[in-house]
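Got a few minutes to look around inside a protein? Have the sequence and the 3D view ready, and let's take a short tour.

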Amino acid sequence: MGALGGVLAATLGDVDPDPAVARFTPPAEKPYDFHLTDQDGRKRSLRDARGKVVVLTFVYSTCRDFCPYQGGVIGSALAKVRSPDVVLYAVTVDPVGDTPERVQAWLNRYGLRQAPVRFLIGSRRELAPVWAAYGIVPVNATEAEAEAGAAASDRIDRSREGEPYVYTPRLGSELAREESEAAGVDVSRRPAPAAGDDYPAPDDQVYRGRRRHAALEFEHSAYVLLIDKQGRQRVGFPFEQLDDDLLAHDMRTLLAER
């Protein structure tokens, strides 16, 4: 995305956003395209979605707190719009833990298997240029830590098999901390000072954003970007300001454009 610039009120359609809800206007250019593998083993690119509105974001399947919340808000907006011409591209920030099996389980857990969702995975070599292009810093974990964290997540899932999983921030944080402790991760380690900053700073590729996870060193940057039917990036939402009504409004505005 290049420099995100200042956080601005978007000038999309007739939107008059609440001052408390910040959005940013990305550079008026075509977004970086990619070829990544979705949950069904098919290669996907942004070009494939031309003619549709794309919701682009960055998550990982073993996250228990911030990613489920973000997915829930986006899912609510998709349900409000109910259009076959809107698709979610969720790009992994954990190439080690996000195997096809875990991604499928994640989609099933949150009832997204039949939704217009492409959960995109790949190797670090494939993903690194995508992260760099969109100013995303992936999970701050070594390969061994990521493997251990994902394995701990699997064990907890097995121990809770048959129980309905209804996300709440408290439950998510408890499970995230449980996974980290099971993986031998030091959850008492404090995040870098930059974690207190409000928004991403892609010029130096150092994590920016409010602390969200219980496993602090697994923190990653994220936001939601809307791409229009012509393949142009139009408006973005920092995670902390993500709102399903406003997101749905902007989806409808882009859908109405020729």
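Here is a quick briefing on the core, one of its strands and two polar residues. Keep in mind that this is a predicted model. In soluble globular proteins, nonpolar side chains tend to be buried together, so the core is a good place to begin.

**The nonpolar core**
- The largest nonpolar core has 57 residues.
- Seven members touch the most other members: Phe34, Leu56, Phe58, Tyr89, Tyr134, Leu247 and Met251.
- Helix 1, which covers residues 66-81, gives the most to this core, with seven residues.
- Try clicking on leucine 56: not counting residues up to four places away in sequence, it touches Phe34, Tyr89, Val91, Tyr134, Tyr223, Val224, Leu225 and Ile227.

**Strand 6 and its partners**
- Strand 6 spans residues 223-227, and five of its five residues are buried.
- Which residues sit on each face of strand 6? Tyr223, Leu225 and Ile227 are on one side, with Val224 and Leu226 on the other, and both faces are covered.
- Strand 3 (residues 53-59) runs antiparallel to strand 6, and three bridges join the two.
- In that pairing, valine 55 has leucine 226 as its bridge partner.
- Strand 7 (residues 233-238) also runs antiparallel to strand 6, joined by five bridges.
- Leucine 226 turns up again here, since its bridge partner in strand 7 is valine 235.
- The hairpin of strand 6 and strand 7 has five residues between the strands, and glycine 231 takes a positive phi near 80° there.

**Glutamine 39**
- You'll find glutamine 39 in the loop between strand 1 (36-37) and strand 2 (43-44).
- Why does glutamine 39 count as buried? Its relative accessibility is 6%, and buried means under 20%.
- The side chain of glutamine 39 reaches the backbone oxygen of valine 117 at 2.8 Å.
- Leaving out residues up to four places away in sequence, glutamine 39 touches Val103, Gln104, Leu107, Arg113, Val117, Arg118 and Phe119.

**Aspartate 94**
- Aspartate 94 sits in the loop between strand 4 (86-92) and helix 2 (100-109).
- How far away is the nearest side chain of opposite charge to aspartate 94? That side chain belongs to arginine 124, and it is 6.2 Å away.
- A salt bridge has to be within 4 Å, so aspartate 94 has none, even though it is buried.
- Setting aside neighbours within four places in sequence, aspartate 94 is in contact with Tyr60, Thr62, Val139 and Ala146.

Terms used:
Residues numbered from 1 in each chain as written. Predicted model: local features only at pLDDT ≥ 70, side-chain atom pairs only at ≥ 80, totals over all residues. Heavy atoms only, no water. Helix = DSSP H or I, 4+ residues; strand = E, 2+ residues; numbered from the N terminus. Buried < 20%, exposed > 50% of the residue type's maximum accessible area, 1.4 Å probe, protein only. Lys, Arg positive; Asp, Glu negative; His and termini not counted. Contact = heavy atoms within 4.5 Å. Core = buried A, V, L, I, M, F, W, Y, C linked by side-chain atoms within 4.5 Å. Pairing = 2+ DSSP bridges. Polar contact = N/O pair within 3.5 Å; in protein donor to acceptor, adjacent residues only side chain to side chain.
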